[in-house]
Amino acid sequence: MLGRTPAPAVLAHGFGIRYDLPVPLYLYVIAAGLVVVLSFLLVVVFVGARAEERDYPRFSVDRIPLVGPVARSRVPRVVGATIGVLVLAAIIVTGLLGAPDATGNPAEYLLWIYFWAGTVLVSSVVGNLYALLNPFSAIYDVATRLLRWSQGGLRSYPERLGVWPAAAGYFVFAYFELASGQSAHPRSVAAAAIIYTVYTLAMMVVFGRDAWLRHGETFSVLFTFIEAFGPVEKRDGRIYLRPWAVGLTRLDLEGWDVISFVILTLSSLAFDGFSATPLWSSIYLGLGGLTDALGSVGPPLVKGAGLLGLTLLFAIVYMLFIRLVDRAGRRRGKLVPVASAFAFTLIPIALVYNAAHNYSYMVVQGQGLIPLLADPLHNGAHLLPTAGYRPSFALADAGFVWYLQVVLIVVGHVIAVYLAHRRALTTYEGKAVIRSQYPMLLLMVMYTAVSLWILAQPITEAG
Amino acid sequence: MKALMVGGIAALILGLSACGSSSVPSAITINFKVTGSTITPANPTAVKGQKLTMVITTDKDEEVHFHGYDIHFDCKANTPLSKTLTLDKSGSFEMELEATSTHLTNFTVNPS
């Protein structure tokens, strides 16, 4: 490691230290076994199932007094937007003016823990919070109202671009988080927030608010996937509660753009975990000569290539299995509709892996914001009497975290298998339904094994 | 077929609960030696609930920070410094040279 700056332990992950212990081997084996057993149990349940498009149970929120009217009013959005705009402003102000180190600056906690890890996780449990928080559309709404502009945009969005702009934005964001080496620098975080705000507002002015939110605004598009997993459903102007995950069967987006986006969510998460494993460490160190020769751009370039490479690998493996699925399903035609339909069954996997991977990081590291509230700008202020607060580990006992991770991974993959079966029922006919699902089953079991393998790796540092 | 699967799952759960609960000493002492930026033992481990005495000897004046437990050792060169604590949280906790943020190792506290 001579000639390179010594890395404080595991900074690949946005910023901060991870305290979690790798999952022990015996739990790994049990979990992997459970997935296989439960998956085949599902196959047995589905044998002979008929392709009737059964709707899932729903419960209308309007029937609850008080909650229904409030949920449909503007109150949640106004409250959420206020919080969203304040947090965005706090990220920019403390990022620019606060402490120069990551652990001493609120911007890092707000972006990487509270927004990125936290809002995604909570939204998959309670429903799309980002739709309420979205600070960009809030700023745009207020500005256009004050300036009396129309919200239609200057020109219409080129539909053939689909959600490519959002997918590209996601890749840039993942690169910034995991590969750029800048994510632990508060100044860079603030700069990124300013650039993304200006870019998003400009695009909304050009293409109109709703068109850009649907196709170009990375987080809005990402959270529509998460919303489909969550328990809140808006249908015909009414709000319903439904079981988790089933909403994904109603998503009917199609195209390479959507497939790429979903694969990216999986591969970037996997890269985040993978970049803390000894295997990546040895690959990275093996490339030491190359990295050094490239100078200061070496590490971000090599890590960026790793992120891109893993994404391509995931895409190739996925398409290979879709081809097998389609062949077994005896359906002839284009692969894209099939690949899109099954891509959404991967979202539960991404969400549970996100939760398993980030849980202890969130509940421990997240508390690091509390002492900073006393002096957010690092100028000696005593705003709140919290400066001496030390994070509690009560929620992060390693034994508890192991079981939680294993249960999450198993449940997520079984949900994915279930969703894939439902998709197969509407895509294929007769006996081909079950036959088409054997390759899918193999893919899911492989994903489980990879997720668990990453969680079971000793955590190392690389570059 | 189904009965077989239910049986299999039950066996797995039983096997799961049978694991754990072996006896460990209630108090341990670990002697650390820091030379430059390397530390021995390189992979210290303990079990949650143990009373741990850490004795740290450094080759020059150094402040060693034990993260998670947030304990600082202000070591004078070649003078053993000892602190005793009860391990009440499990996880992987970094030990580093505070002044230069140099990573020494991660102390593993296994769940009991």
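In this predicted model, strand β7 of chain B has six residues, of which the number buried is zero, so the strand lies largely in the open. A residue is counted as buried if 20 or more other C-beta atoms lie within 10 Å of its own. The surroundings of β7(B) can be followed through the sheet to which the strand belongs.

That sheet is open and consists of four strands of chain B in the order β2-β1-β4-β7, with mixed pairing. Strands β2 (38-40) and β7 (81-86) of chain B occupy the edges; each has a single partner strand, so one side of each is left without a neighbour in the sheet. On average, neighbouring strands of this sheet are turned by 25° against each other, direction ignored.

Strands of a sheet pair through backbone hydrogen bonds, in either a parallel or an antiparallel sense. Both senses can be traced here, since the pairing is mixed. Strands β4(B) and β7(B) run antiparallel and are joined by six bridges; within this pair, B:Ser82 in β7(B) is the bridge partner of B:Val55. The parallel sense is found between β1 (residues 27-35) and β4 (residues 51-58) of chain B, which pair over eight bridges. There, B:Phe32 stands opposite B:Ile56 in β4(B).

Chain A presents another architecture to examine, with 19 helices and three strands. Its C-alpha atoms fill a box of roughly 70 × 60 × 45 Å, taken along the principal axes. For 463 residues, a compact globule would have a radius of gyration near 23 Å, and the 23 Å computed for chain A agrees with this. Buried residues account for 44% of the 463 residues in chain A. Among the contacts in chain A between residues at least 6 apart in sequence, 80% join residues at least 24 apart.

Within chain A, helix α10 (residues 218-229) repays a closer look. At 1.5 Å a residue, its twelve residues should span 16 Å, and its end C-alpha atoms are 17 Å apart, which agrees. Ten of the twelve residues of α10(A) are buried, so the helix is largely enclosed by the rest of the structure. The buried residues include A:Phe219, A:Val221, A:Leu222, A:Phe223, A:Phe225, A:Ile226 and A:Phe229; A:Thr218, A:Ser220 and A:Glu227 are buried as well.

What provides this enclosure? The cover over the buried residues of α10(A) includes α4 (106-126), α5 (130-133), α7 (164-178), α9 (209-215), α11 (256-274) and α16 (347-365) of chain A.

Definitions and conventions. Residues are numbered from 1 along each chain as its sequence is written. Chains are lettered from A and ligands numbered from 1 in the order in which they are written. This is a predicted model: local features need pLDDT of at least 70, side-chain atom pairs count only at pLDDT 80 or more; totals for chains, interfaces and linings use all residues. Two strands pair if DSSP finds at least two bridges between them. Helices (H or I, at least four residues) and strands (E, at least two) are DSSP runs, numbered from the N terminus. Axes are lines fitted to C-alpha atoms, for helices over the stretch in contact, and angles run from 0 to 180 degrees between N-to-C directions. The radius of gyration is taken over C-alpha atoms; the globule rule is 2.2 Å times the number of residues to the power 0.38. Two residues are in contact if their C-beta atoms, placed from the backbone, lie within 7 Å. The expected span of a helix is 1.5 Å times one less than its number of residues.
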